[in-house]
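Student: Please take one part of this structure and look at it closely. Then work outward from there, and tell me how exposed or buried each stop is.

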Amino acid sequence: NEAVRSEKLSLIREVLEEYEADGIELDFMFFPLYFRQDETEAGTSVMNGFVAEVKALAREIGERQSRTIPVQARVWHRCEENLRIGLDVEAWIAAGSIDHIVGQVPNMLLDTGATGGKWMADAAHDAGVAAYLRPNRKLDDTRAGIANIEMFRAFRQTAHWHGFTGIYLGY
């Protein structure tokens, strides 16, 4: 919806101009449903345009304020899961529309050997974009409710092995 995109760009402009935010994260995981099922394919190009507009806005404001404003996107770590909801992440990376990409592992529980995001790390590396992998915090273990530092270190090793810049510990 053009009115929705316009309003979102207006909010982003305010945050970047008036509050001089250091950057902006487009969190596509908050509610990952953007198009009606029969409109997803057509909507994908609209979403590509929106992400490019956000980057252009960040670049414009950054140039006026003599600073660099990075754009980050948080998406699923598997390519097909993103495409299924209209997010062509590889196109964003190739077009230079984002500076950082975070692949979120959809599992509810931390798996230190999680795979499936290498496509993202490879595309990001080729374009000079920083790619991160976001693990979950919960464990299926009665001895500990959340992961400890050693588990995160193990997950970081897996991410590094797959070509990611690092892990993203959001929240």
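Tutor: Start at A144, which is found in the loop between β4 (130–134) and α6 (149–161). Keep in mind that this is a predicted model. How exposed is A144? A144 counts as partly exposed, because its relative accessibility is 25% and that class begins where buried, under 20%, ends. Now set A144 against E39. The two are 105 residues apart in sequence. In space, 43 Å separates their C-alpha atoms.

G117 gives another pair to examine. G117 sits in the loop between β3 (100–104) and α5. Its relative accessibility is 3%, so G117 counts as buried. Its partner for the distance check is H160. G117 and H160 are 43 residues apart in sequence, while their C-alpha atoms are 11 Å apart in space.

Next comes helix α5, which covers residues 118–127. Both K118 and D122 lie in α5, 4 residues apart, or about one turn of the helix. K118 forms a salt bridge with D122. The closest N and O atoms of K118 and D122 are 3.1 Å apart. Why can such a pair form? Side chains of opposite charge can pair when their charged atoms come close. Neither partner is buried: K118 is partly exposed because its relative accessible area is 40%, and D122 is partly exposed because its relative accessibility is 35%.

Salt bridges that share partners also join R13, E17, E60 and R64 into one network. The structure holds 11 salt bridges. Take one of them, between R13 and E60. The side chains of R13 and E60 meet at 3.3 Å, N to O. This pair links distant parts of the chain, with R13 in helix α1, E60 in helix α2, and their positions 47 residues apart. R13 is at 30% relative accessibility, so R13 counts as partly exposed. E60, with a relative accessible area of 34%, is therefore partly exposed too.

R64 and E17 form a salt bridge as well. Their closest N and O atoms are 2.2 Å apart. Again distant parts of the chain are linked: R64 belongs to helix α2, E17 belongs to helix α1, and the two are 47 residues apart. E17 is partly exposed because its relative accessible area is 23%.

Those two helices lead to the pocket. The largest pocket holds about 710 Å³ of space. It is lined by 22 residues, and those closest to its centre are V4, K8, Y34, M47 and F50. Which elements give two or more residues to this lining? They are α1 (2–17), β1 and α2. Helix α1 supplies the largest share, 6 residues. By type, the lining divides into 15 nonpolar, 2 polar and 5 charged residues.

Now turn to the outside. F30, F31 and L33 form a nonpolar patch on the surface. Together the three have about 420 Å² of accessible area. L33 lies in the loop between β1 (24–27) and α2 (40–64). L33 counts as exposed because its relative accessibility is 54%, and the cut-off for exposed is over 50%.

Two backbone angles close the tour. Which residues, though not glycine, have a positive phi? One is E20, with a phi of about 50 degrees. E20 is found in the loop between α1 and β1. At 48% relative accessibility E20 falls in the middle class, so E20 is partly exposed. Another is S66, whose phi is near 55 degrees. S66 lies in the loop between α2 and β2 (71–76). S66 counts as exposed because its relative accessibility is 69%.

Definitions and conventions: Residues are numbered from 1 along each chain as its sequence is written. This is a predicted model: local features need pLDDT of at least 70, side-chain atom pairs count only at pLDDT 80 or more; totals for chains, interfaces and linings use all residues. Side-chain values use heavy atoms; hydrogens and water are left out. Patches are made of residues with over 30% relative accessible area and no salt bridge: like charges are joined within 9 Å, nonpolar side chains (Val, Leu, Ile, Met, Phe, Trp, Tyr) within 5 Å. Accessible areas come from the Shrake-Rupley method with a 1.4 Å probe; for residues, only the protein chains shown count as cover. A salt bridge is a side-chain nitrogen of Lys or Arg within 4 Å of a carboxyl oxygen of Asp or Glu. Buried means under 20% relative accessible area, exposed over 50%, partly exposed in between (1.4 Å probe, protein chains only). On a 1 Å grid over the protein atoms alone, a cavity is a set of points where a 1.4 Å probe fits but cannot get out, and a pocket is an open set with protein on both sides within 12 Å along at least five of seven lines; lining residues have an atom within 4 Å of a point. Grid points are joined across faces, edges and corners, and a volume is the space filled by probe spheres set on the points. Ala, Val, Leu, Ile, Met, Phe, Trp, Tyr, Cys and Pro count as nonpolar, Asp, Glu, Lys and Arg as charged, and the others, Gly among them, as polar.
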